[in-house]
Amino acid sequence: MHPKLGFFTNFLSENKRKRVKLDFQKTIATSQATLPVSCAIAIVVWYLCHRHDFLHTDLLMGMGASVVAVYLLAELNNQNALIRVGSRIISSIFALLLAIVFQLHTFQTGHIVLLLVLLSLFSFTSLYQNPSPVHSFLAYLFFSLATLAFPRLWLFVPIWWFSLFYMRGLTLRTFVASCLGLVVPYWFYFSALFCLDDYEAIQGFYHEMADFHWPSLSDITVEKLVQIAYLLLLLSVGIVEVLLNQYKDKVRVRILYGMFMTHAFLIVLFLCLQPQYFYNLLPLLMVYAAILSGHFMALTSTKASHILCLVLMGLALAVLALSYIAG
């Protein structure tokens with residue numbers, strides 16, 4: 001081979017190897033195998049953390065709810081094209097986040113809230129420039145059902161109305177439909193309690209809704225601080241990337257991401273003020289963290305972003321270890 005030709009071939013090969021290294025992150029983000037592999041890893045983590053009582057009912061229900069939630073988030077991503085390229089990274093990140101928090105492995109109120117709010121988001125995101133009373137009714141109906149499981153979600157109802165206005169879907173008809181959606185579950189719930197003469201349950205519901213107190217040191221634990229710090233890191237990375245590159249997305253996607261950022265900020269604020277309900281809303285915060293960080297991982301391909309992704313993976317293992325020890 002001619003010396004110059006050999007030098008040129010070596011130069012191309014070296015550049016190709018460098019490009020493969022830089023595209024490693026993009027390859028994972030766009031691969032069809034990412035979601036199945038992530039789910040398999042999550043199940044292995046679940047088993048290793050509970051190998052002695054893996055078939056316990058609460059664990060199986062928690063795993064089942066998590067699987068359904070991952071599927072719903074994947075469909076939500078497909079419905080709204082949250083990422084410009086074909087990617088399952090959002091639902092993959094979400095599956096791993098549910099796995100690394102040991103305290104969320106058993107079925108609890110947070111799973112009910114998570115599933116119902118995800119169902120609500122399906123109809124809610126369809127209201128962008130589409131003031132459909134049907135979608136508005138369904139969105140707030142599922143949200144109202146979530147408030148039955150966790151009454152303090154009522155604090156977020158005004159924010160959802162503001163988000164509806166922000167998406168240009170708020171009209172008199174959609175507002176009335178949203179009010180009906182919020183009220184209907186309570187008509188049936190309170191009617192059933194009245195028929196059963198269970199007035200204590202009604203009083204307990206209102207008492208739970210109004211029961212707020214300042215956080216105490218007993219409510220703030222090391223594992224909670226580490227878990228919220230990790231999610232804040234994911235959110236921060238995703239928010240910075242979205243704000244820097246939002247001009248590349250469609251207007252609809254930019255507005256949806258603005259809504260996700262607002263919801264995530266308010267959930268973080270609520271968890272800081274009421275840490276005793278930490279795991280009731282943490283799964284929902286994971287949804288927004290997965291969406292925003294997924295946007296970063298799928299649409300950046302630099303050496304710095306590759307290193308940051310590796311750091312985030314390493315920190316995830318540390319969060320898992322600490323959550324398991326504390327649990």
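A residue counts as partly exposed when its relative accessible area falls between the buried class, under 20%, and the exposed class, over 50%. By that rule alanine 81, at 45% relative accessibility, is partly exposed. Please keep in mind that this is a predicted model. The tour below takes in two pockets, a cavity, one helix and a few individual residues.

**The largest pocket**

- About 680 Å³ of space lies in the largest pocket.
- The lining of this pocket is made up of 28 residues, and those closest to its centre are Ser38, Ile41, Ser92, Leu96 and Met313.
- Five helices each supply at least two lining residues: H2 (24–30), H3 (34–49), H5 (89–100), H11 (222–245) and H14 (303–326).
- Helix H14 gives the largest share of the lining, with eight residues.
- Sorted by class, the lining holds 23 nonpolar and five polar residues, and no charged ones.

**The second largest pocket**

- The second largest pocket has a volume of about 180 Å³.
- Its lining comprises 13 residues, and nearest the centre lie Cys39, Ser66, Val67, Val70 and Ala95.
- Helices H3, H4 (57–80) and H5 each contribute at least two residues to this lining, and H4 gives the most, with six.
- The class tally here is 12 nonpolar, one polar and no charged residues.

**Cysteine 39**

- You have just met this residue as one of those nearest the centre of the second largest pocket.
- The structure holds zero disulfides.
- For cysteine 39, the nearest cysteine sulfur is that of cysteine 49, 16 Å away, whereas a disulfide needs the two sulfur atoms within 2.5 Å.
- Cysteine 39 has a relative accessible area of 25%, so this residue is partly exposed.

**Helix H8 and its surroundings**

- Helix H8 spans residues 157–166, and its buried residues are Val157, Trp160, Ser163 and Leu164.
- These buried residues cover an arc of only 110 degrees around the axis, so they sit on the same side of H8.
- Their cover includes helices H6 (109–124), H7 (133–149), H9 (172–195) and H12 (251–273).

**The cavity**

- The structure holds one cavity of 30 Å³ or more, and the largest cavity has a volume of about 90 Å³.
- Trp160, one of the buried residues of H8, also lines this cavity.
- Among the other lining residues are Val117, Phe143, Leu153, Phe156, Ile159 and His263.
- The lining further includes Leu266, Ile267, Leu281, Leu284 and Tyr288.
- At least two lining residues come from each of H8, H12 and H13 (278–299).
- By class, the cavity lining has 11 nonpolar residues, one polar residue and no charged residues.

**Two backbone angles to look at**

- Most residues other than glycine have a negative phi.
- Alanine 81 has a positive phi, near 50 degrees, and is found in the loop between H4 and H5.
- Arginine 168 also has a positive phi, near 65 degrees.
- This arginine comes just after H8, in the loop between H8 and H9.

Notes. Residues are numbered from 1 along each chain as its sequence is written. This is a predicted model: local features need pLDDT of at least 70, side-chain atom pairs count only at pLDDT 80 or more; totals for chains, interfaces and linings use all residues. Side-chain values use heavy atoms; hydrogens and water are left out. Buried means under 20% relative accessible area, exposed over 50%, partly exposed in between (1.4 Å probe, protein chains only). Helices (H or I, at least four residues) and strands (E, at least two) are DSSP runs, numbered from the N terminus. The arc is that of the directions from the helix axis to the C-beta atoms. Contact means heavy atoms within 4.5 Å. On a 1 Å grid over the protein atoms alone, a cavity is a set of points where a 1.4 Å probe fits but cannot get out, and a pocket is an open set with protein on both sides within 12 Å along at least five of seven lines; lining residues have an atom within 4 Å of a point. Grid points are joined across faces, edges and corners, and a volume is the space filled by probe spheres set on the points. Ala, Val, Leu, Ile, Met, Phe, Trp, Tyr, Cys and Pro count as nonpolar, Asp, Glu, Lys and Arg as charged, and the others, Gly among them, as polar.
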